[in-house]
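Please load the model in your viewer and set it to a cartoon display, with side chains ready to be switched on when a stop on the tour calls for them.

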Amino acid sequence: MATRTRQPRNNDGEFASKSNRKTSGNRSNGGQKSGGLFDLNGRTAGALLSAAVAGAAVIVAASLGRKMIVQGRSGTAGDWDEVLAAEHRMSLAIFDKMLATDETQKIKRGMLLTKLTHALDKHAHEEEMVVYPALREANEKADANQLEHEHGEVKTYLFKLGEMATDAPLWLETVREFRDSLARHTRLEEDEVFPRFKAEITPEQNKHITSLVNKDGFLMA
């Protein structure tokens with residue numbers, strides 16, 4: 001007597017066809033196929049991550065390169081007082097470019113003001129975080145306090161120009177007053193305070209202050 005093979009039934013009690021059983025088997029694997037969409041998404045995510053890492057590396061390299069260029073303009077000048085004097089000259093040169101503009105050059109004036117602000121912020125940080133504290137340690141507190149007080153006037157002028165329209169009638173006059181004020185400040189440093197202080201310190205101290213000024217300048221560049 002022949003034995004008849006019984007077919008599996010589905011949930012409704014009906015016999016399942018071969019095609020239905022095949023489909024059910026595919027679902028049991030989670031519907032994932034090797035080399036399908038899942039794998040493609042994984043490769044895409046990996047490519048995006050690699051691109052992001054490469055992009056970040058480019059940004060960091062560009063930032064370091066910019067810092068080296070900016071600080072290199074003054075950092076190669078020599079000792080700390082020569083570095084600061086070089087930065088004085090660069091700032092005054094920006095003032096001269098500003099004074100050579102007219103009210104129709106609003107964009108250029110704004111760009112020059114931004115450049116001046118960055119240059120003076122960097123320079124003031126070097127002096128306030130390194131040189132003026134060193135002056136106080138050498139019993140030159142009065143000079144350090146006066147010079148730092150004059151930095152407050154610099155900040156006031158920067159604020160005033162930042163609030164003023166670049167085509168305002170008093171813009172050039174304010175820039176000229178600002179330049180004159182800064183020039184007096186730099187002459188006091190270069191002609192009196194810094195030479196006297198430098199003569200009082202040892203070569204090792206001079207070298208150390210130079211290193212600190214360059215390090216701070218690089219961080220602020």
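The tour below visits a set of packed helices, then a salt bridge, and then a cavity.

Keep in mind throughout that this is a predicted model.

**First stop: α3 and α6**

Begin by selecting residues 80-99, which form helix α3, together with residues 171-200, which form helix α6; the axes of these two helices come within 10 Å and cross at roughly 165 degrees. Since angles over 145 degrees count as roughly antiparallel, that crossing makes α3 roughly antiparallel to α6. If you turn the view so that one helix lies in front of the other, the crossing of α3 and α6 is left-handed. Colouring the contact of α3 with α6 by residue class will show 14 nonpolar, three polar and seven charged residues.

**Second stop: a salt bridge between these helices**

With α3 and α6 still selected, show the side chains of D81 and K198, which form a salt bridge whose closest N and O atoms are 3.1 Å apart. D81 belongs to helix α3 and K198 to helix α6, so the pair ties together parts that lie 117 residues apart in sequence. How many salt bridges does the structure hold? There are nine salt bridges in the structure, should you wish to look for the others.

**Third stop: adding α4**

Next, add residues 106-137, helix α4, to the selection. Against α3, helix α4 packs at an angle of about 160 degrees, the two axes being 10 Å apart, and the two helices are therefore roughly antiparallel to each other. The crossing of α3 and α4 is left-handed.

Now hide α3 and compare α4 with α6: is this pair roughly parallel or roughly antiparallel? The angle at which α4 and α6 pack is about 25 degrees, with their axes 14 Å apart, and that makes α4 roughly parallel to α6. The crossing of α4 and α6 is left-handed.

**Last stop: the cavity**

Rolling a probe the size of a water molecule over the atoms shows where empty space is left. In this structure there is one cavity of 30 Å³ or more, and the volume of the largest cavity is about 110 Å³. To centre the view there, select L120, H123, A124, H151 and V154, which are the closest to the cavity's centre of the 13 residues that line it.

Then bring in helix α5, residues 141-163, because the elements that give two or more residues to this lining are α4, α5 and α6. Which of the elements gives the most to the lining? It is α4, with five residues. Coloured by class, the lining of the largest cavity has five nonpolar, five polar and three charged residues.

Key
Residues are numbered from 1 along each chain as its sequence is written. This is a predicted model: local features need pLDDT of at least 70, side-chain atom pairs count only at pLDDT 80 or more; totals for chains, interfaces and linings use all residues. Side-chain values use heavy atoms; hydrogens and water are left out. Axes are lines fitted to C-alpha atoms, for helices over the stretch in contact, and angles run from 0 to 180 degrees between N-to-C directions. Helices (H or I, at least four residues) and strands (E, at least two) are DSSP runs, numbered from the N terminus. Angles under 35 degrees count as roughly parallel, over 145 as roughly antiparallel, 65 to 115 as roughly perpendicular and the rest as oblique. A crossing is left-handed if the near helix is turned anticlockwise from the far one by less than a right angle, and right-handed if clockwise. Ala, Val, Leu, Ile, Met, Phe, Trp, Tyr, Cys and Pro count as nonpolar, Asp, Glu, Lys and Arg as charged, and the others, Gly among them, as polar. On a 1 Å grid over the protein atoms alone, a cavity is a set of points where a 1.4 Å probe fits but cannot get out, and a pocket is an open set with protein on both sides within 12 Å along at least five of seven lines; lining residues have an atom within 4 Å of a point. Grid points are joined across faces, edges and corners, and a volume is the space filled by probe spheres set on the points. A salt bridge is a side-chain nitrogen of Lys or Arg within 4 Å of a carboxyl oxygen of Asp or Glu.
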